[in-house]
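Hi,

Here's the structure I said I'd pass on. Have a look at it first, and my notes come right after.

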Amino acid sequence: LSPAYLAAFVDLANQRLDANAQRIQQLYNGFLDQCLCRKRIKVDIQTNSLPNLRLWGHASVVVPRSEGFDIWTFGGYGQGPGNAAKGSSRSKKVYRLANDGANWATSWEEVTAN
C-alpha cells in the first residue's frame with residue numbers, strides 16, 4: 001500500500017469518526033431534552049438550621065398539610081431531642097417538626113397516640 005493511499009484512508013476514517021461523534025452528541029442532547037426533561041430553571045435555595053434531633057440512623061418522612069408541612073421521624077439510636085443524657089439505645093418514639101410554609105418550629109415535638 002502506498003503512503004498516499006494510507007493517508008487518504010486515514011483522512012476518510014477521521015471524517016467518519018467526527019461525523020459519528022456529532023451524531024452521538026445529538027443523540028445524547030435529544031435524550032436529555034426529551035427523556036429527562038432538561039430545562040433551565042431558576043432555583044432560590046434557602047438553608048435553615050433545624051433543631052438538634054439527637055438521633056442517628058432514624059427514618060423520616062415529609063407529610064404535607066394545607067399550610068406547610070411536617071417532618072415525622074421515628075426509630076434511630078440516641079436519646080432524642082430535649083434529653084441531655086447520653087445513650088445509644090434504640091428509640092421507640094416518634095417526633096414531629098412543623099413548618100408553616102415559611103418558618104420551622106423551634107423544637108421537635110414528641111407524637112403520642114391518642
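Below is what I found around three residues.

One thing before you dig in: this is a predicted model.

Let's start with Arg-96, which sits in strand β3, residues 94–99. You might expect to see it out in the open, but is it buried or exposed? Its relative accessibility is 19%, so Arg-96 counts as buried, the cut-off being under 20%. Its side chain has two polar contacts you can look up: one with the side chain of Asp-70 at 3.0 Å, and one with the side chain of Glu-109 at 2.5 Å. Leaving out residues up to four places away in sequence, Arg-96 also touches Ile-71 and Trp-108, among others.

That brings us to Ile-71, which belongs to strand β2 (residues 69–78). Ile-71 is buried too, because its relative accessibility is 13%. Again skipping residues up to four places away in sequence, its contacts include Leu-50, Val-61, Tyr-95, Leu-97 and Trp-104. Trp-108 is another residue that Ile-71 touches; the two are 37 residues apart along the chain, and their C-alpha atoms are separated by 9.4 Å.

Last one: Arg-54. Look for it in the loop between α1 (3–35) and β1 (55–64). With 40% relative accessibility, Arg-54 counts as partly exposed. What caught my eye is its backbone: Arg-54 has a positive phi of about 55°, although it is not a glycine. Most residues other than glycine have a negative phi.

Cheers

Conventions:
Residues numbered from 1 in each chain as written. Predicted model: local features only at pLDDT ≥ 70, side-chain atom pairs only at ≥ 80, totals over all residues. Heavy atoms only, no water. Helix = DSSP H or I, 4+ residues; strand = E, 2+ residues; numbered from the N terminus. Buried < 20%, exposed > 50% of the residue type's maximum accessible area, 1.4 Å probe, protein only. Polar contact = N/O pair within 3.5 Å; in protein donor to acceptor, adjacent residues only side chain to side chain. Contact = heavy atoms within 4.5 Å.
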